[in-house]
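Colleague: I would like to go through the terms used for this model. Please set each one against its definition.

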Amino acid sequence: MSERGRVGILISGRGSNMVSLVEAMRSGAIDADPVVVLSNVPAAEGLRRAEELGVATEVVDHKKVKPRRAHDAAVVETLQRYRVDLVCLAGYMRLLTPVMVDAFRHRMLNIHPSLLPAFPGLDAQRQALEYGVKVAGCTVHFVDEECDHGPIILQASVPVHDDDTESSLSRRILEQEHRIYPQAVSRFFAGVRLEGRRTHAAP
Ligand code: GRF
């Protein structure tokens, strides 16, 4: 790993988690630099926000680069060009092929808006509401070949209120996402030891 960590952030949409990561790196809360924000969607709002923050942006349009493996290979090549040590998926709405997973094994994190292993996949907050859980939350985990599945670094819980809607619950969870994703990245650079599925922070 290079002296100061180099982080690439992958987004498909609004990019609020990306902003919280960039701000945490800029403030010194994370000992690393955001070197590129990459999106598969040219019109992603988060790309504009990254530009405003002065972070390099790249687009690998999944509608133009096909099939999926070729798209992942182009993303990997771009991230390697920026010599990233860590890849953070932040609302990156793509299923990954082994091309990506193998290139960044144990060096790629994702944030998911549920307390995994409950409610993986799309619309996690809606799944939680419909299931009727009383506690919801979010999870930062290493990425492996299964969707929303790898070893967990941090989780945070929030209460589900009787009058919650999908958007009110999503807002409450998002606040926690913005808090724990930077913490998890900071922990990654401090050293995380893996023991099967369990992760341990450096002492
Ligand atoms: C977040 O809820 C994240 O957990 C999920 O996608 C959403 C992305 O939001 N993976 P944003 O683009 O970071 O604002």
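Modeller: What follows takes the nonpolar cores and then one charged residue.

Modeller: This is a predicted model, where local features need pLDDT of at least 70, side-chain atom pairs count only at pLDDT 80 or more, and totals for chains, interfaces and linings use all residues. Residues are numbered from 1 along each chain as its sequence is written, and side-chain values use heavy atoms, with hydrogens and water left out.

Colleague: What makes a set of residues a nonpolar core?

Modeller: The members are buried Ala, Val, Leu, Ile, Met, Phe, Trp, Tyr and Cys residues joined through side-chain atoms within 4.5 Å. Buried means under 20% relative accessible area, with a 1.4 Å probe and protein chains only. The largest such core has 38 residues, and Ile9, Tyr181 and Val185 touch the most other members.

Colleague: Why is this core said to lie between domain 1 and domain 2?

Modeller: Domain 1 (1-104) and domain 2 (111-203) both give residues to the core, so it lies between them. The domain bounds come from an automatic or database domain assignment.

Colleague: Which residues are in the loop between strand 6 and strand 7, to take one charged example?

Modeller: Asp144 is one of them, strand 6 being 135-142 and strand 7 being 152-159. Strands are DSSP runs (E, at least two residues), numbered from the N terminus.

Colleague: Why is no salt bridge assigned to Asp144?

Modeller: A salt bridge needs a side-chain nitrogen of Lys or Arg within 4 Å of a carboxyl oxygen of Asp or Glu. For Asp144, which is buried, the nearest side chain of opposite charge is Arg197, 4.8 Å away. Therefore none is counted.

Colleague: What makes the pair of Asp144 and His149 a polar contact?

Modeller: Their side chains come to 2.6 Å. A polar contact is a pair of N or O atoms within 3.5 Å, one able to donate a hydrogen and the other to accept it within protein; residues adjacent in sequence count only if both atoms are side-chain atoms. The Asp144 side chain also reaches the backbone nitrogen of Glu146 at 3.0 Å.

Technical notes:
Buried means under 20% relative accessible area, exposed over 50%, partly exposed in between (1.4 Å probe, protein chains only). Helices (H or I, at least four residues) and strands (E, at least two) are DSSP runs, numbered from the N terminus. Lys and Arg count as positive and Asp and Glu as negative; His and the chain ends are not counted.
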